[in-house]
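Please examine the structure below with attention to its packing and its charged pairs.

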Amino acid sequence: MAAVQGGIVDTVDKKDIKAEPSEDGIGNNNNNGNDNRMLSPSPSSSSSSGNNNNNNTAAAATVDQQTLVAVLQFLKKNKLNDSVEILRREAGLPEDSLDIKGSDPGAGGAGSANLEAVDAATLLNRVTVSASAAAQPQVKDSAGEDQPDVNVVLSAYSQQGDPALYQAYYSGLKRFIESVLDCHRAELSQVFYPLFVHMYLELVYNNHENEAKAFFQKFSGDQECYYEDDLRVLSSLTKKEHMRGNETLLDFRTSKFVLRISRDSYQLLKRHLQERQNNQIWNIIQEHLYIDIFDGMPRSKSQIDAMSGSLAGEAKREANKAKVYYGLLKEPEIELPLDDEDEEAENEEGKPKKKKPKKDSMGSKSKKQDPNAPIQTRIPLPELKDSDKLDKIMYMKEATKRIRLGPDALPSICFYSFLNAYQGLTGVDVTDDSSLIAGGFADSTVRVWSVTPKKLRKVKSAADLNLIDKESDDVLERIMDEKTSSESKILHGHSGPVYGVSFSPDRNYLLSSSEDGTVRLWSLQTFTCLVGYKGHNYPVWDVSFSPHGYYFVSGGHDRVARLWATDHYQPLRIFSGHLADVTCTRFHPNSNYIATGSSDRTIRMWDVLNGNCVRIFTGHKGPIHALDFSPSGKFLASGATDSRVLLWDIGHGLMVGELKGHTDTVYTLKFSRDGEILASGSMDNTVRLWDATKAFDDLETDDFTAATGHIHLQDNSQELILGTYMSKSTPVVHLHFTRRNLLLAAGAYNP
């Protein structure tokens, strides 16, 4: 495997690198770790012998040494002798190095061969040039971390050829790619879109408005349909001034567009550009594209289309090679108390409880340590309170009555329709025990309903609490104020639409995120706001509690996700890397990882422990709006505005399935409690059920070792669909499986 970045082999992991043949001549055997900013020789000169490369390297080293000597002599001239000695020792120069005369007539900046005569202005100018050449790669590497300087970013487009020839360059490459063998055509066609964008931006930046407009009109129709929205933004950039404030443009410029191409196809492209001496296109490929070369058969059009569509191309294969501990944590052992009244009945229920891990092959939480699970103390998790233990006991009792789902045993579906919401319902969540449902609304309120006969009550006032016998058995009932009981409560506090809501696992708290840039934590005992978390500068689109409580994650328009703890005002981690809004967030079942979906059409997985991005999934053609992990923790499902549901193997970092059938945005996804059924809800007013067991069991693990980094997807959506259920006129906003595998759906009726 050789990853070519701007024509330079990425030398980080030397074991996996195969050296390019010597006739490449494009600097592929250059071992300096940085991304060489000085444009390499044009393809026409690349046929020169290997000695030239060595001469170039030696010449560069000589120039660097001369610059260093010039700095030393400048310091010496100003009587800074201590600094001279320290710098000379660090650079490893001999003591007589200051007597060296420069032999490069242009090195002094004024044609002088004597470096001692270099004046201060010339020296500073020269050092600045050298420093800027070395600093430019850092601008590219900092994408997603620090906002790059706009002028530095855009200045890359100042290198440009004859504007009248841009159409000829592009047309010539297009004719060549259309003439190659079918097996190479699909792979090489990937270069059309990034080349088109960068050539257009070069024309605009250099004030060739008419040529840019003609170029756009001629070739924009040739691009893939899933880049339609990006091209619409691009078409509005017609002047140099427009480029300075455009975030999409800066993202595209600072993030190298990643193309995954077989070695044979890459050699074809390179040979063509060398023969035609097409320096303009070759410079763009070196400057703006990251070509991830693999050894093996070229990929087909369908294989490429399955992985394409994100803002910055495909993910580098190296991005998905980190170890991910996707297994489940060991469950704490809790003894089941037996009531005196129905001890016999409980004993009957007690037997299958012990066998539960064997019964639920995918969704079980086995008492044995999963070999793929993180160690129990990898991240600090809250200790179980007595109330948590009681709740787990209730969960285990419910689990014994759970319906085992499958193709022949589909779940019943209960749909909660929000009436008179006037399209104002923006987020829904249901508690794990299915007793409460909450909705976030565009009028900045959060509303909570009880969906059981038990009404919602507030805790009594402090004065009334002092009168209660705290030693009584029913103290938890006595502290509640019956006068406040009602079927629903309204929570006021946000100053903008509420986009995300999430219940804590213990049902004591509710989180809400809003357009006002805050996340609020509400008590479900007093129905008041306890904390307002301020960190996002723009609307917060989603918020999710950890399955273990205490931690939660938020994502918003500022393109970052933030990890919080309920008792900290400031975020614990900031996950930066997405190129557009973070639209949805989800915790892994073991709470050690977080998945985020974005408008940049990618999904990223982050390690909670160190904040690193451990997975990047590309393949969706629109913003991601739904994520859900399988109960086993091994798989992830995602839904987007492209109406597709994609399935991902977390351990291998690969797409393993595509479910097609919805006709509008997939807004919510949920695996059944045992992981055998995947439910999807969409803006097309339908709930669809998919056979998750069959989708994952059909995988051939041998294909995971494919050099291309992915497997061939079967078009078997019709075999996997188990049922489609229409609502009258209600987009499906949320799905939830009860502990007994009854499916709850929710949405706002849209008359």
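The following paragraphs treat the nonpolar cores, then the aromatic rings, one helix and the salt bridges.

The model is predicted. Its largest nonpolar core comprises 44 residues, and those with the most contacts inside it are L173, F196, F215, L234 and I285. Helix α7 (residues 192–205) supplies the largest share of this core, namely 11 residues. Apart from this core lies another, of 21 residues, which includes C584, I603, F617 and W648. F196 illustrates the packing in the larger assembly: leaving aside neighbours within four places in sequence, F196 is in contact with Y170, F215, F216, F219, S220, Q223, L231 and L234.

Aromatic rings come next. A search of the whole structure yields 25 aromatic pairs. In one of them, the ring centres of Y170 and F215 are 5.6 Å apart and the planes stand at 80 degrees; since planes over 60 degrees apart count as edge-to-face, the pair is therefore edge-to-face. This pair links distant parts of the chain, with Y170 in helix α5 (residues 166–179) and F215 in helix α8 (residues 209–219), 45 residues apart. Are Y170 and F215 buried or exposed? The cut-off for a buried residue is under 20% relative accessible area; Y170, at 1% relative accessibility, therefore counts as buried, and F215, at 0%, counts as buried too. Ring pairs further join Y170, F192, F196, Y200, F215, F216 and F219 into a cluster.

Rings also receive charged groups. The charged end of R447 sits over the ring of F441, at 5.4 Å from the ring centre. K621 lies over the face of Y226, 5.2 Å from the centre of that ring.

Helix α9 (residues 228–235) has D230, L231 and L234 as its buried residues. Because these residues cover an arc of only 100 degrees around the axis, they lie on the same side of α9. What do the buried residues of α9 pack against? Their packing partners are α7 and α8.

The final topic is charge pairing. Side chains of opposite charge can pair when their charged atoms come close. The structure holds 27 salt bridges. One of them joins D607 and R378, whose closest N and O atoms are 2.5 Å apart. D607 belongs to strand β22 (residues 602–607) and R378 to the loop between α15 (343–359) and α16 (386–400), so the bridge ties together parts that are 229 residues apart in sequence. D607 is buried, with a relative accessible area of 4%, and R378 counts as buried at 16% relative accessibility.

D506 and K385 also meet through their side chains in a salt bridge, at 3.7 Å from N to O. D506 is in the loop between β12 (498–503) and β13 (509–514), and K385 is in the loop between α15 and α16, so this pair ties together parts that are 121 residues apart in sequence. K385 counts as partly exposed, at 41% relative accessibility.

A further salt bridge connects D391 with R739, the closest N and O atoms being 3.3 Å apart. Distant parts of the chain are linked here: D391 lies in helix α16 and R739 in the loop between β32 (734–737) and β33 (743–748), 348 residues apart. D391 is buried at a relative accessible area of 18%, and R739 is buried at 7%. Through shared partners, salt bridges join D391, D432, D433, R507, R673 and R739 into one network.

Terms used: Residues are numbered from 1 along each chain as its sequence is written. This is a predicted model: local features need pLDDT of at least 70, side-chain atom pairs count only at pLDDT 80 or more; totals for chains, interfaces and linings use all residues. Side-chain values use heavy atoms; hydrogens and water are left out. A nonpolar core is a set of buried Ala, Val, Leu, Ile, Met, Phe, Trp, Tyr and Cys residues joined through side-chain atoms within 4.5 Å. Buried means under 20% relative accessible area, exposed over 50%, partly exposed in between (1.4 Å probe, protein chains only). Helices (H or I, at least four residues) and strands (E, at least two) are DSSP runs, numbered from the N terminus. Contact means heavy atoms within 4.5 Å. Rings of Phe, Tyr and Trp (its six-membered ring) pair if their centres lie within 6.5 Å; planes under 30 degrees apart count as stacked, over 60 as edge-to-face and the rest as tilted. A charge sits over a ring if NZ of Lys or CZ of Arg is within 6 Å of the ring centre and within 35 degrees of the ring normal. The arc is that of the directions from the helix axis to the C-beta atoms. A salt bridge is a side-chain nitrogen of Lys or Arg within 4 Å of a carboxyl oxygen of Asp or Glu.
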